Amino acid sequence: MNTFFELFTYDFFFKAFLAAVFASISCGIIGAYIVSRRIVFISGGITHASFGGIGLAFLVGFNPLVGAVLFAVLAALGIQFFTKVADVREDSSIAIWWSLGMALGIIFVFLTPGYTPNLMSYLFGNILTVTRAELWWMFLLNVVIIVFYLFFFRKILYIAFDEEFARAAGLPVTLFNYLTIILIALTVVLNIRVVGIILILSLLTIPQATANLYTNNFKNLLILSSAFAFFGTITGLFISYFLDIPSGAAIIFTLVLIFALLRLFKYFVK
Amino acid sequence: MKPLINIQDLSVGYDKEPVLFDVNLSVFEKDFIGLIGPNGGGKTTLLKAILGLLRPMKGKIKFSEDMESGQRPIGYLPQVKHIDKNFPITVFEVVRSGALMKNRFKLKSAEVRQKTENLLEEMGISNIRNRAIGELSGGQMQRVFLCRALLSDPKILILDEPDTFVDNRFEGELYKKLALLNKEMAIILVSHDVGTISSYVKTIACVNGHLHYHKSNVISQEQLDSYNCPIQIISHGDIPHTILKHHH
């Protein structure tokens with residue numbers, strides 16, 4: 001038990017702990033929205049497209065997260081544009097941006113002279129290497145999300161549930177949709193360092209599926225999802241430390257395990 | 001008497017392609033209009049135009065002054081098939097969202113809550129207020145959406161095919177309720193079933209590209225045909241008796 005508490009005295013572990021807290025809150029809330037609105041696939045497209053920005057940043061030499069934000073927002077707008085203006089079916093349009101972003105990323109990285117050492121940490125995440133600056137950005141994002149949801153909770157809920165009704169009532173639905181898609185893009189990008197591009201969809205969907213076992217109320221879903229995300233991330237973090245396995249994968253595995261156990265429990269108890 | 005809504009020479013549709021042409025219709029207080037017509041004829045398009053969801057391509061929709069002064073007090077019950085039944089939202093919240101339709105900055109939160117409680121009680125669904133909408137039967141679902149539409153004290157109630165997915169018993173209850181509500185508000189009811197609604201509505205509007213207003217609730221197959229409205233009248237007797245006639 002001593003080693004357990006001692007871990008928190010290490011700077012790298014304390015930072016990882018904070019990253020887990022921030023990732024859980026942002027992914028818990030935004031993920032609950034994504035799942036309720038059935039836009040998981042769009043979020044996947046945005047996430048993977050952001051790899052193009054990371055590659056570009058490596059090539060040109062600026063902060064990879066800035067590149068990721070750029071490409072994520074570009075993909076979010078691009079998907080909308082392809083669907084509404086260019087008349088491409090929505091799922092196809094998502095797949096196009098998804099693969100285009102990944103392809104550009106690979107080309108950019110290939111063109112980058114020398115070895116790019118932390119590429120793996122963007123693809124699969126490494127919560128133990130999160131920097132102080134990244135933590136501040138994550139903290140800021142959490143504040144923005146919480147304030148946004150506190151102030152506009154009912155409007156967000158009503159628009160998500162019945163967009164047409166909200167539009168008929170004169171709510172600025174399009175503005176809200178753009179704001180939420182930007183929040184999704186920021187959430188995805190700032191949490192890439194925790195679980196990585198390839199695995200982030202899990203933080204946005206698995207805790208929500210677990211929470212959905214216990215509630216059908218949107219507000220409770222937001223809170224419970226964050227709670228399950230936190231529990232899974234922390235447990236995964238410890239498992240990764242003690243078994244010495246990659247943290248991102250350990251976290252996802254724990255999240256799925258929690259879901260599976262509770263689902264089975266519910267099945268046998270009922 | 002001035003109409004609540006006055007539609008003049010309205011053409012409206014999607015992507016520059018009108019679905020409805022040169023529609024003229026006035027809705028007065030305590031009107032009860034049955035909107036009938038074939039699928040794709042433009043019934044829902046007309047509703048969307050009235051709700052401000054579609055912009056007129058030609059002509060205009062005028063609202064009376066007291067309609068404009070409020071935030072267009074229209075109660076709207078959409079087709080239930082457009083609702084995501086897996087969405088995590090409770091009955092109470094769905095009904096409460098009806099407050100959006102009316103002066104949403106003026107109504108106090110406590111007032112809305114009280115109104116919501118009263119309506120749930122009145123409609124006999126107070127006991128399911130904390131259920132998720134996905135757990136409801138078709139009849140319960142319609143009651144919930146009727147409550148939502150009524151929360152804003154509308155002057156006009158618009159219902160888009162409220163009789164689908166609903167058992168006969170609830171259908172009867174619904175029309176009784178509508179007859180009561182009609183004493184306080186105008187009602188526009190979209191239906192694919194002329195036979196059933198004709199005994200409840202006061203007038204009938206046939207919509208198929210154009211709109212033909214029929215100032216009576218009795219309509220014959222010949223009249224429907226002359227309005228270019230290819231739907232069938234099903235008389236609800238013991239033996240279903242259908243007259244089929246399509247005119248193009």
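**Legends to close-up views of chains A and B**

**View 1. The face of helix 4 of chain B turned away from its buried side carries the exposed residues Ala110(B), Glu111(B), Gln114(B), Glu121(B) and Glu122(B).** A residue is exposed if 12 or fewer other C-beta atoms lie within 10 Å of its own, buried if there are 20 or more, and partly exposed in between, with C-beta atoms placed from the backbone. The model is predicted: local features need pLDDT of at least 70 and side-chain atom pairs count only at pLDDT 80 or more, whereas totals for chains, interfaces and linings use all residues. Residues are numbered from 1 along each chain as its sequence is written, and chains are lettered from A, with ligands numbered from 1, in the order in which they are written. Helices (H or I, at least four residues) and strands (E, at least two) are DSSP runs numbered from the N terminus.

**View 2. Helix 4 of chain B buries Val112(B), Lys115(B), Thr116(B), Leu119(B) and Leu120(B).** Seen down the axis of helix 4 of chain B, these buried residues fall within an arc of 130°, so they line one face of the helix; the arc is that of the directions from the helix axis to the C-beta atoms. They pack against helix 3 (91-96) and helix 5 of chain B, where contact requires that the C-beta atoms of two residues, placed from the backbone, lie within 7 Å. Helix 4 covers residues 109-122 of chain B, and its 14 residues reach 20 Å from the first C-alpha to the last, close to the 20 Å expected at 1.5 Å a residue. That expected span is 1.5 Å times one less than the number of residues. Just after this helix, Gly124(B) takes a positive phi of about 70°.

**View 3. An open sheet of 6 strands in chain B follows the order 5-6-7-3-8-9, with mixed pairing.** Its edge strands, each paired on one side only, are strand 5 (74-77) and strand 9 (210-214) of chain B. Two strands pair if DSSP finds at least two bridges between them. Neighbouring strands of the sheet are turned by 15° against each other on average, direction ignored; axes are lines fitted to C-alpha atoms, for helices over the stretch in contact, and angles run from 0 to 180 degrees between N-to-C directions. Helix 5 (residues 138-150) of chain B packs on the sheet, where it touches strand 5 and strand 6 (156-160) of chain B, and its direction makes about 165° with that of strand 5. Within the sheet, strand 3 (residues 32-36) and strand 7 (residues 186-190) of chain B run parallel and are joined by 4 bridges. Phe32(B) has Ile187(B) in strand 7 as its bridge partner.

**View 4. Strand 1 and strand 2 of chain B form a hairpin with 2 residues between them.** Strand 1 (residues 5-14) and strand 2 (residues 17-27) of chain B pair in the antiparallel sense over 7 bridges. Pro18(B) in strand 2 is the bridge partner of Gly13(B). In the turn, Asp15(B) has a positive phi of about 50°.

**View 5. In the contact between the chains, 17 residues of chain A meet 17 residues of chain B.** On the side of chain A that touches chain B, the elements giving two or more residues are helix 7, helix 8 (163-168) and helix 12 (218-243) of chain A. Helix 8 of chain A gives the most, with 5 residues.
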